[in-house]
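Biologist: Could you take a close look at a single part of this model, a spot on its surface, and then place it in the setting of the rest of the chain?

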Amino acid sequence: MKSFIQVSPESHFPIQNLPYGVFKPDPDLQPRPAVAIGDYVLDLSVLADAGLFNGPLLSGSDCFNQPTLNKFMGMGRPAWKEARATIQKLLSEDEPTLRDNTNLRERSLVPMSKVEMLVPMTIGDYTDFFSSMHHAKNCGVIFRGPQNPINLNWYYLPIAYHGRASSVVISGTDIVRPRGQCPPSGDSLPSFGPSKKLDFELEMAAVVGPGNKLGTCIDINNATDHIFGLVLMNDWSARDIQGWEYVPLGPFLGKSFGTTISPWIVTLDALEPFACDAPKQDPPPLPYLAEKTSKNYDLQLEVQIKPSGQEPCVVTKSNFKHLYWTVTQQIAHHTINGCNLRPGDLFGTGTISGPEPESLGCLLELTWNGQKPLSLNGKSRTFLEDGDEVTFTGVCKVCHHHSLGPNENLRLAINLTVVKEMVTMLDLEHALGRYYLPHSKDGQPPLLPLSLSSSLSHPLFGSVNMKSRRRGSLSVSSTSTTVTYTFRNDNFTPTFPSPSFKEIPIKSPDRPPTPITVHFHDDHRPSTAAARIQAAYRSYVVRRLVKKIAAVKSEVDRMERVIQRQETVDALRSSDREKLKMNELLMRLLLELDSVPGFDPAVRELRRSVSHRIVALQEVVDGICRSGGFRMDAWDWDDVIGDMEERVCRERGGEELESSNQRLGVRAILRFTAGASNLCT
């Protein structure tokens, strides 16, 4: 079968795949279900509104007009098969319904590069299993020795623990290095700090379709009907935190800080051509776990690590077929006690390791708990470092005896970024506890005690209260909103310590100086170390502030695209609520930008350029609300923004807009609060 849409032979999404996901075509629009085809996202809500799902099970259903796939998942395998057959027919090269309808095709097919993918279902519960014999054996040898690496119960039941559903995130979401307690060394106390053994775990996960009632169980031979599909999954692990806490109840903080899944759910119908026999189980499982046909899938898995600023390196290649306990056995065991499952529940397989050294599914095994470092681009590595990017890929290779053809394939893909904020010795805003300078004497590093605390309450709507050591102030009250707004002192410059000081006052941009006492050895001069710490900290702060401004700029770019649309113009002119919403969004961007301290010239210049654009967009919105009957597509957008910036700068103090930024904030807030008051009254 071929599609009228051109699909590259290397694409993850041929017509034989059609995985399900949920996307937003625009940040301000509602999520909607979709399938992937080639480089496009097919909007199922558009097809449903056009009445193209006209089979007996889906006709009249609103399952594709939901923000998640949960309702569709709960409808069961007959409905899934009907939907798949309908979508394949609409996309096939000899079907004119979608192919020849230009308007429908343009509304339903959205380039994948222009959409935002979301977690496709509401996950009520998440369970992570321990189903690979090779992984279980390797971990047992590492921690208990080779005499008895696998506990007896592992051979009789699929071991699992209940994970944290709230921290399951979509591919591409940054993961912050976790902090926690780590095991003591010798007679010392447990240490506290960022994990030094951050690891990935190569897993897949089953997404539950129809559930079962409380007090009933799912028969092993019917379990397939309760599995909607599979996703790739990375169960991030902090091995040092996990090693200290897991006895006697299992993982907790070493796992709960983040679990990443791929955005597309590949159905079992798509994977059926790649079914294979599961490993023989010895001893035989108990009757409730004994399947008439025990199968896995020949799905090749690969992990790449890309160090910051370097080329990616393949670190392992494994295969889904190595799982000892199948996903259907996991379903049957999970419900044998009467536990009820619900649509959207997530079942992780556990780390998928193979029998070969190059097929191990995590760094714990690949480096043998740090004893055998890997070489990445010529550098020795044991666990993940700040800035690493981890990419999982799953591919089902087509054999010639399959009906798909030699140049067609099914692919799953996931791209995971490991660390958002670098947590190091100098991360003064996020760290607690004791950290150490790198120089030591007799193996004992000099102590660097820190004690910092801060709090900020900043709800988006209703009450905003921001206080800091800033210049100028404003208070506005209305029946619906109270805003306290003050402006930052941009002339702040960190002071450098005198060479004779041992107490180094390092200033945070929005906090009083925090004394940090550094105990140096005789062969290290305080002046040199102090300057090094101060320079490193200033560089870190500047990088972080630039990153924050870049995030605001990205939001401004999206706002600009939204305002250019004719439907936005019509909504602003016809609805006070839409006008208030737009004013609120622009005010939020202005507040967020003003929270960036301008103590560095480069930061000030970058912030100034973004603030110009925010004010120009507000002027455009004002013009739309005052205007008559023009159309946005008649504008030269670059000229509009340029003219607005020039006029605003001239009215508010010339080119040095930053020197009068207080007036800009006042104008945005007054507009916002006035709109809120009018709407409420």
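**A surface leucine and its setting**

Modeller: Leu-152 counts as exposed because its relative accessibility is 63%, where exposed means over 50% relative accessible area, buried under 20% and partly exposed in between, with a 1.4 Å probe and protein chains only as cover. This is a predicted model, in which local features need pLDDT of at least 70 and side-chain atom pairs count only at pLDDT 80 or more, while totals for chains, interfaces and linings use all residues. Residues are numbered from 1 along each chain as its sequence is written, and side-chain values use heavy atoms, with hydrogens and water left out.

Leu-152 sits in the loop between helix H6 (133–144) and strand S7 (160–162); helices (H or I, at least four residues) and strands (E, at least two) are DSSP runs numbered from the N terminus. Together with Tyr-156 and Leu-286, Leu-152 makes up a nonpolar patch on the surface, with about 300 Å² of accessible area between the three. Such a patch takes residues with over 30% relative accessible area and no salt bridge, joining like charges within 9 Å and nonpolar side chains (Val, Leu, Ile, Met, Phe, Trp, Tyr) within 5 Å, and the areas come from the Shrake-Rupley method with a 1.4 Å probe, where for residues only the protein chains shown count as cover.

Around this patch stands a chain of 681 residues, 50% of them buried, with 16 helices and 32 strands. The chain exposes about 31600 Å², of which carbon and sulfur atoms supply 51%.

In one open sheet, 5 strands follow the order S4-S3-S2-S1-S5 with antiparallel pairing, two strands being paired if DSSP finds at least two bridges between them. Strand S4 (109–111) and strand S5 (116–118) each have a single partner strand, so they stand at the edges and one side of each is left without a neighbour in the sheet. From one strand to the next the twist averages 45 degrees. Strand S1 (residues 20–24) is joined to S5 by 3 bridges, and Lys-24 has Glu-116 as its bridge partner in S5. Helix H3 (residues 77–91) packs on this sheet, where it touches S1, strand S2 (32–37) and strand S3 (40–43) and makes about 70 degrees with the direction of S1; contact means heavy atoms within 4.5 Å, and axes are lines fitted to C-alpha atoms, for helices over the stretch in contact, with angles from 0 to 180 degrees between N-to-C directions.

Charged pairs add further links, and a search of the whole structure finds 24 salt bridges, each a side-chain nitrogen of Lys or Arg within 4 Å of a carboxyl oxygen of Asp or Glu. In one of them Glu-201 meets Arg-239 at 2.9 Å, N to O. Since Glu-201 lies in the loop between strand S11 (198–199) and strand S12 (202–208) and Arg-239 in helix H7 (residues 239–245), the pair ties together parts that are 38 residues apart in sequence. Both Glu-201 and Arg-239 are buried, and they belong to a salt-bridge network with Asp-199, Asp-235 and Lys-255. Another salt bridge brings Glu-272 and Lys-295 together, with their closest N and O atoms 3.0 Å apart; here Glu-272 is partly exposed at 39% relative accessibility, as is Lys-295 at 26%.
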